[in-house]
Amino acid sequence: MALSADALPVMNGRRTFVERPKVIFNPATKRFVMWMHLEAGRYTYSRAGIATSESPVGPFTFLKGIRPITNNFNFDTSSPTRQHEFGGTFRDMNVFVDDDGRAYAFYASEDNWTMYVVRLNAEFTGPEEPAVEGKTWARILVRQMREAPAPFKHNGRY
(Lines give C-alpha, C1' and ligand atoms only; values in the text may rest on other atoms or scores of the structure.)
Protein backbone atom coordinates (compact mmCIF):
# COMPACT_ATOMS: atom_id res chain seq x y z
CA MET A 1 0.00 0.00 0.00
CA ALA A 2 1.68 3.18 -1.20
CA LEU A 3 -0.71 5.54 0.61
CA SER A 4 -3.29 4.32 3.07
CA ALA A 5 -6.82 5.69 2.79
CA ASP A 6 -6.68 6.10 6.58
CA ALA A 7 -3.94 8.71 6.10
CA LEU A 8 -6.24 10.99 4.08
CA PRO A 9 -8.22 13.85 5.59
CA VAL A 10 -11.93 13.70 6.37
CA MET A 11 -14.17 16.45 4.99
CA ASN A 12 -17.75 16.92 6.14
CA GLY A 13 -17.71 13.51 7.78
CA ARG A 14 -16.49 11.71 4.65
CA ARG A 15 -13.04 10.36 3.88
CA THR A 16 -11.38 12.05 0.90
CA PHE A 17 -10.09 9.93 -1.97
CA VAL A 18 -7.23 10.05 -4.49
CA GLU A 19 -7.25 10.29 -8.27
CA ARG A 20 -4.33 10.47 -10.73
CA PRO A 21 -1.42 10.10 -8.27
CA LYS A 22 2.03 10.93 -9.66
CA VAL A 23 5.44 10.49 -7.99
CA ILE A 24 8.65 12.44 -8.59
CA PHE A 25 12.05 12.20 -6.88
CA ASN A 26 13.67 15.19 -5.20
CA PRO A 27 17.47 14.68 -5.28
CA ALA A 28 18.07 17.47 -2.74
CA THR A 29 15.84 15.96 -0.05
CA LYS A 30 16.27 12.33 -1.19
CA ARG A 31 12.48 11.98 -0.89
CA PHE A 32 9.83 10.80 -3.28
CA VAL A 33 6.94 13.24 -3.53
CA MET A 34 3.46 12.18 -4.54
CA TRP A 35 1.04 14.72 -5.99
CA MET A 36 -2.57 13.73 -6.52
CA HIS A 37 -6.04 15.05 -7.19
CA LEU A 38 -7.61 14.88 -3.73
CA GLU A 39 -11.37 14.76 -3.79
CA ALA A 40 -14.47 14.26 -1.66
CA GLY A 41 -18.12 13.64 -2.40
CA ARG A 42 -19.40 15.51 -5.43
CA TYR A 43 -16.09 16.79 -6.83
CA THR A 44 -16.25 20.09 -5.02
CA TYR A 45 -13.20 19.65 -2.76
CA SER A 46 -10.78 19.65 -5.74
CA ARG A 47 -7.41 20.01 -4.05
CA ALA A 48 -3.86 18.89 -4.60
CA GLY A 49 -2.90 16.18 -2.16
CA ILE A 50 0.81 15.99 -1.33
CA ALA A 51 2.64 13.11 0.37
CA THR A 52 6.29 12.06 0.78
CA SER A 53 8.23 8.83 1.20
CA GLU A 54 11.75 7.46 1.27
CA SER A 55 10.70 4.89 -1.35
CA PRO A 56 8.86 5.27 -4.67
CA VAL A 57 6.40 2.55 -3.60
CA GLY A 58 5.77 3.98 -0.13
CA PRO A 59 4.60 4.02 2.43
CA PHE A 60 3.84 7.69 1.80
CA THR A 61 3.05 10.15 4.57
CA PHE A 62 0.25 12.53 3.69
CA LEU A 63 1.31 16.16 4.23
CA LYS A 64 -1.54 18.40 3.12
CA GLY A 65 -4.34 19.16 0.73
CA ILE A 66 -4.15 22.58 -0.97
CA ARG A 67 -5.26 24.63 -3.91
CA PRO A 68 -1.85 25.87 -5.10
CA ILE A 69 -3.09 29.13 -6.63
CA THR A 70 -5.53 31.13 -4.54
CA ASN A 71 -6.14 34.06 -6.90
CA ASN A 72 -9.78 34.96 -7.49
CA PHE A 73 -10.61 35.46 -11.16
CA ASN A 74 -14.11 36.75 -10.42
CA PHE A 75 -15.32 33.25 -9.62
CA ASP A 76 -19.02 32.69 -9.08
CA THR A 77 -19.70 33.10 -5.37
CA SER A 78 -22.53 30.54 -5.53
CA SER A 79 -20.35 27.75 -6.99
CA PRO A 80 -20.11 24.64 -4.78
CA THR A 81 -16.35 24.45 -5.50
CA ARG A 82 -15.89 27.74 -3.60
CA GLN A 83 -13.15 28.99 -5.94
CA HIS A 84 -13.88 32.57 -4.90
CA GLU A 85 -12.82 31.54 -1.39
CA PHE A 86 -10.08 28.90 -1.87
CA GLY A 87 -8.76 29.57 -5.39
CA GLY A 88 -8.92 27.58 -8.60
CA THR A 89 -9.83 23.90 -8.44
CA PHE A 90 -7.13 21.23 -8.77
CA ARG A 91 -8.20 18.28 -10.90
CA ASP A 92 -6.68 16.33 -13.81
CA MET A 93 -2.99 16.76 -13.23
CA ASN A 94 0.59 15.74 -13.83
CA VAL A 95 4.03 16.69 -12.51
CA PHE A 96 7.21 17.35 -14.47
CA VAL A 97 10.86 17.77 -13.46
CA ASP A 98 12.85 19.85 -15.95
CA ASP A 99 16.53 19.52 -16.89
CA ASP A 100 17.43 22.32 -14.47
CA GLY A 101 15.96 20.36 -11.53
CA ARG A 102 12.89 22.55 -11.11
CA ALA A 103 9.58 20.75 -10.78
CA TYR A 104 6.14 21.81 -12.01
CA ALA A 105 2.54 20.78 -11.50
CA PHE A 106 0.21 20.99 -14.51
CA TYR A 107 -3.48 20.79 -13.72
CA ALA A 108 -6.97 21.49 -14.93
CA SER A 109 -8.42 24.36 -12.90
CA GLU A 110 -11.38 26.72 -12.92
CA ASP A 111 -13.72 23.70 -13.02
CA ASN A 112 -11.54 22.19 -15.81
CA TRP A 113 -11.92 25.23 -18.09
CA THR A 114 -8.30 26.45 -17.77
CA MET A 115 -4.92 24.72 -17.36
CA TYR A 116 -2.50 25.99 -14.70
CA VAL A 117 1.26 25.41 -14.62
CA VAL A 118 2.84 26.00 -11.21
CA ARG A 119 6.54 25.85 -10.35
CA LEU A 120 7.05 23.87 -7.15
CA ASN A 121 9.15 24.86 -4.15
CA ALA A 122 12.61 23.38 -3.56
CA GLU A 123 11.13 20.42 -1.62
CA PHE A 124 8.47 19.81 -4.36
CA THR A 125 5.82 19.93 -1.61
CA GLY A 126 3.93 23.06 -2.64
CA PRO A 127 4.01 26.02 -4.99
CA GLU A 128 7.07 28.24 -5.09
CA GLU A 129 6.28 31.29 -3.00
CA PRO A 130 5.48 34.01 -3.41
CA ALA A 131 3.24 32.82 -6.24
CA VAL A 132 3.53 35.43 -8.99
CA GLU A 133 1.50 35.00 -12.16
CA GLY A 134 3.76 35.01 -15.22
CA LYS A 135 6.84 34.23 -13.11
CA THR A 136 6.16 31.19 -10.91
CA TRP A 137 2.85 30.11 -12.41
CA ALA A 138 0.69 30.62 -15.49
CA ARG A 139 -2.84 30.18 -16.77
CA ILE A 140 -2.64 28.45 -20.16
CA LEU A 141 -5.32 27.23 -22.56
CA VAL A 142 -7.75 29.63 -20.89
CA ARG A 143 -11.40 28.55 -21.32
CA GLN A 144 -10.30 25.68 -23.60
CA MET A 145 -11.48 22.75 -21.41
CA ARG A 146 -8.45 20.46 -21.28
CA GLU A 147 -7.88 17.39 -19.14
CA ALA A 148 -5.07 14.93 -18.37
CA PRO A 149 -1.96 16.97 -19.22
CA ALA A 150 1.13 14.97 -20.24
CA PRO A 151 4.08 17.39 -20.31
CA PHE A 152 7.36 16.29 -21.86
CA LYS A 153 10.46 17.76 -23.47
CA HIS A 154 12.01 16.56 -26.74
CA ASN A 155 15.00 18.18 -28.48
CA GLY A 156 14.71 21.26 -26.29
CA ARG A 157 11.02 21.79 -27.03
CA TYR A 158 8.17 21.36 -24.58
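## Strands, helix and layout

Strands here are DSSP runs of E with at least two residues, helices are runs of H or I with at least four, and both are numbered from the N terminus. With that in hand, alanine 28 can be placed in the loop between β3 and β4. Please keep in mind as you read that this is a predicted model.

The chain has ten strands and one helix. Their order along the sequence is β-β-β-β-β-β-α-β-β-β-β. The radius of gyration is 15 Å, close to the 15 Å that the globule rule gives for 158 residues, so the chain is as compact as a globular protein of that length. Along the principal axes, the C-alpha atoms fill a box of roughly 45 × 40 × 25 Å.

## Inside and outside

Of the 158 residues in the chain, 44% are buried, meaning that their relative accessible area is under 20%. The accessible surface comes to about 8,500 Å², and carbon and sulfur atoms account for 50% of that area.

Contacts also tell us how the sequence folds back on itself. Taking contacts between residues at least 6 apart in sequence, 42% join residues at least 24 apart. As for charge, the chain has 20 positive and 17 negative charges, and the mean positions of the two sets are 1 Å apart.

## Aromatic pairs

How many aromatic pairs does a search of the whole structure find? The search finds nine. One of them joins phenylalanine 17 and tyrosine 43, with 5.9 Å from centre to centre and 75° between the planes, an edge-to-face arrangement. Phenylalanine 17 is in strand β3 (residues 17–26), while tyrosine 43 is in the loop between β4 (31–39) and β5 (47–53), so this pair ties together parts that are 26 residues apart in sequence. Phenylalanine 17 counts as partly exposed because its relative accessibility is 29%, and tyrosine 43 is partly exposed too, with a relative accessible area of 34%.

Phenylalanine 90 and tyrosine 107 make another pair, and here the ring centres are 4.3 Å apart with the planes at 35°, so the pair is tilted. Phenylalanine 90 belongs to the loop between α1 (83–86) and β7 (93–97), and tyrosine 107 to strand β8 (residues 103–109), so parts that are 17 residues apart in sequence are tied together by this pair. Both phenylalanine 90 and tyrosine 107 are buried. These two residues also belong to a cluster linked by ring pairs, made up of Trp35, Phe73, Phe75, Phe90, Tyr107, Tyr116 and Trp137.

## Backbone details in the loops

Two cis peptide bonds deserve a look. One runs from glycine 58 to proline 59, with omega near 5°, and proline 59 lies in the loop between β5 and β6 (61–66). Another joins glutamate 129 and proline 130, with omega about 0°. Proline 130 sits in the loop between β9 (114–119) and β10.

Positive phi values turn up in loops as well. Tyrosine 43, already met in its edge-to-face pair with phenylalanine 17, is not a glycine, yet its phi is positive at about 60°. Its place is the loop between β4 and β5. Aspartate 111 is likewise a residue other than glycine with a positive phi, near 55°. This aspartate is in the loop between β8 and β9, and its relative accessibility of 26% is why it counts as partly exposed.

## Two exposed positions

Is alanine 28 buried or exposed? Alanine 28 is exposed, because its relative accessible area is 69% and the cut-off for exposed is over 50%. The C-alpha atoms of alanine 28 and aspartate 76 are separated by 41 Å, with these positions 48 residues apart along the chain.

Glycine 156 is found in the segment after β10 (137–140). Its relative accessibility is 59%, so glycine 156 counts as exposed. How far apart in space are glycine 156 and aspartate 99? From C-alpha to C-alpha they are 9.7 Å apart, while in sequence they are 57 residues apart.

Note on methods
Residues are numbered from 1 along each chain as its sequence is written. This is a predicted model: local features need pLDDT of at least 70, side-chain atom pairs count only at pLDDT 80 or more; totals for chains, interfaces and linings use all residues. Side-chain values use heavy atoms; hydrogens and water are left out. Buried means under 20% relative accessible area, exposed over 50%, partly exposed in between (1.4 Å probe, protein chains only). The radius of gyration is taken over C-alpha atoms; the globule rule is 2.2 Å times the number of residues to the power 0.38. Contact means heavy atoms within 4.5 Å. Accessible areas come from the Shrake-Rupley method with a 1.4 Å probe; for residues, only the protein chains shown count as cover. Lys and Arg count as positive and Asp and Glu as negative; His and the chain ends are not counted. The place of a charge is taken as NZ of Lys, CZ of Arg, CG of Asp or CD of Glu. Rings of Phe, Tyr and Trp (its six-membered ring) pair if their centres lie within 6.5 Å; planes under 30 degrees apart count as stacked, over 60 as edge-to-face and the rest as tilted.
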